[in-house]
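Thank you all for making time this morning. I would like to walk you slowly through one chain, and please keep the picture open while I talk.

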Amino acid sequence: MSARGEKYCSEACLARYLEARNWNVDKSRKMLEESLKWRALSRPEDIRWPDVSVEAETGKMYRATFTDREGRTVVIMRPA
């Protein structure tokens with residue numbers, strides 16, 4: 001597993017996946033693997049405001065007045 005993938009495999013993260021799948025280990029593992037594949041392909045950590053700002057013009061999203069624990073901008077989406 002890559003260092004990037006390990007970031008999303010903390011004990012707390014694994015517990016969330018288990019809880020989401022009613023403590024079924026096989027289903028939780030599959031869900032986590034799919035999430036890691038999606039992150040590797042989509043690279044959400046590389047999305048910047050200019051990439052999505054056109055959606056803000058429609059009122060579907062806006063930047064929050066706070067940042068997350070790692071200091072990143074939080075984008076609130078309200079699709080309709």
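I will go through the helices, then the hairpin, and then the pocket.

Before anything else, please keep in mind that what you see is a predicted model. With that said, let me begin with what the record tells us, which is that UniProt, in an unreviewed entry, places a feature called "domain: CRAL/TRIO N-terminal" at residues 10-35. In the model this span is 81% helix and 0% strand, and the C-alpha atoms at its two ends lie 14 Å apart.

The residue that opens this span is a good place to start looking. Ser 10 sits in the loop between helix H1, residues 3-7, and helix H2, residues 11-20, and its relative accessible area of 34% makes Ser 10 partly exposed.

Now please follow the chain onward to helix H3, which covers residues 25-42 and holds Ser 28. Is Ser 28 buried or exposed? Ser 28 counts as buried, because its relative accessibility is 5%, and the cut-off for that word is under 20%. What does Ser 28 touch, if we leave aside its neighbours within four places in sequence? The contacts are Tyr 17, Leu 18 and Arg 21. With Tyr 17 we can be more specific, since a polar atom of the Ser 28 side chain lies 3.2 Å from the backbone oxygen of Tyr 17.

Helix H3 also holds Met 31, and this residue is partly exposed, with a relative accessible area of 25%. Once neighbours within four places are set aside, Met 31 is in contact with Tyr 17, Ala 20 and Arg 21. For Arg 21, which is ten residues away from Met 31 along the chain, the separation between the C-alpha atoms is 8.4 Å.

Let me turn to the loops on either side of this helix, where the backbone angles deserve a careful look. As a general point, most residues other than glycine have a negative phi. Trp 23, in the loop between H2 and H3, is not a glycine and yet has a positive phi of about 65°; with 54% relative accessibility, Trp 23 counts as exposed. Arg 43, in the loop between H3 and H4, also has a positive phi, near 50°, and is likewise a residue other than glycine. Arg 43 is partly exposed, with a relative accessible area of 32%.

We come next to the strands. Strand S1, residues 61-67, and strand S2, residues 73-77, pair in the antiparallel sense over four bridges. To see this on your screen, please find Arg 63, whose bridge partner in S2 is Val 75, and then Met 61, which stands opposite Met 77 in S2. The hairpin has five residues between its strands, and within this hairpin Gly 71 takes a positive phi near 80°.

How does helix H4 relate to these strands? Glu 55, which lies in helix H4, touches Lys 60 and Met 61 when residues up to four places away in sequence are not counted. Although Glu 55 and Met 77 are 22 residues apart along the chain, their C-alpha atoms are separated by 9.1 Å. Glu 55 itself is partly exposed, at 33% relative accessibility. As a second distance ending at Met 77, consider Ser 10 again: Ser 10 and Met 77 are 67 residues apart in sequence, and 27 Å apart in space, C-alpha to C-alpha.

My last topic is the largest pocket, which holds about 620 Å³ of space. Its lining is made of 18 residues, and those nearest its centre are Pro 44, Glu 45, Ile 47, Arg 72 and Thr 73. Which elements give two or more residues to this lining? They are helix H4, residues 49-57, together with S1 and S2, and S2 gives the most, with four residues.

To close, I would ask you to take two pictures away with you. One is Ser 28 in helix H3, buried at 5% relative accessibility, and the other is the antiparallel pair of S1 and S2, both of which help to line the largest pocket.

Technical notes. Residues are numbered from 1 along each chain as its sequence is written. This is a predicted model: local features need pLDDT of at least 70, side-chain atom pairs count only at pLDDT 80 or more; totals for chains, interfaces and linings use all residues. Side-chain values use heavy atoms; hydrogens and water are left out. UniProt positions are given in the numbering used here, feature names are shortened, and annotations may be inferred rather than shown by experiment. Two strands pair if DSSP finds at least two bridges between them. Buried means under 20% relative accessible area, exposed over 50%, partly exposed in between (1.4 Å probe, protein chains only). A polar contact is a pair of N or O atoms within 3.5 Å; within protein, one must be able to donate a hydrogen and the other to accept it, and residues adjacent in sequence count only if both atoms are side-chain atoms. Contact means heavy atoms within 4.5 Å. On a 1 Å grid over the protein atoms alone, a cavity is a set of points where a 1.4 Å probe fits but cannot get out, and a pocket is an open set with protein on both sides within 12 Å along at least five of seven lines; lining residues have an atom within 4 Å of a point. Grid points are joined across faces, edges and corners, and a volume is the space filled by probe spheres set on the points.
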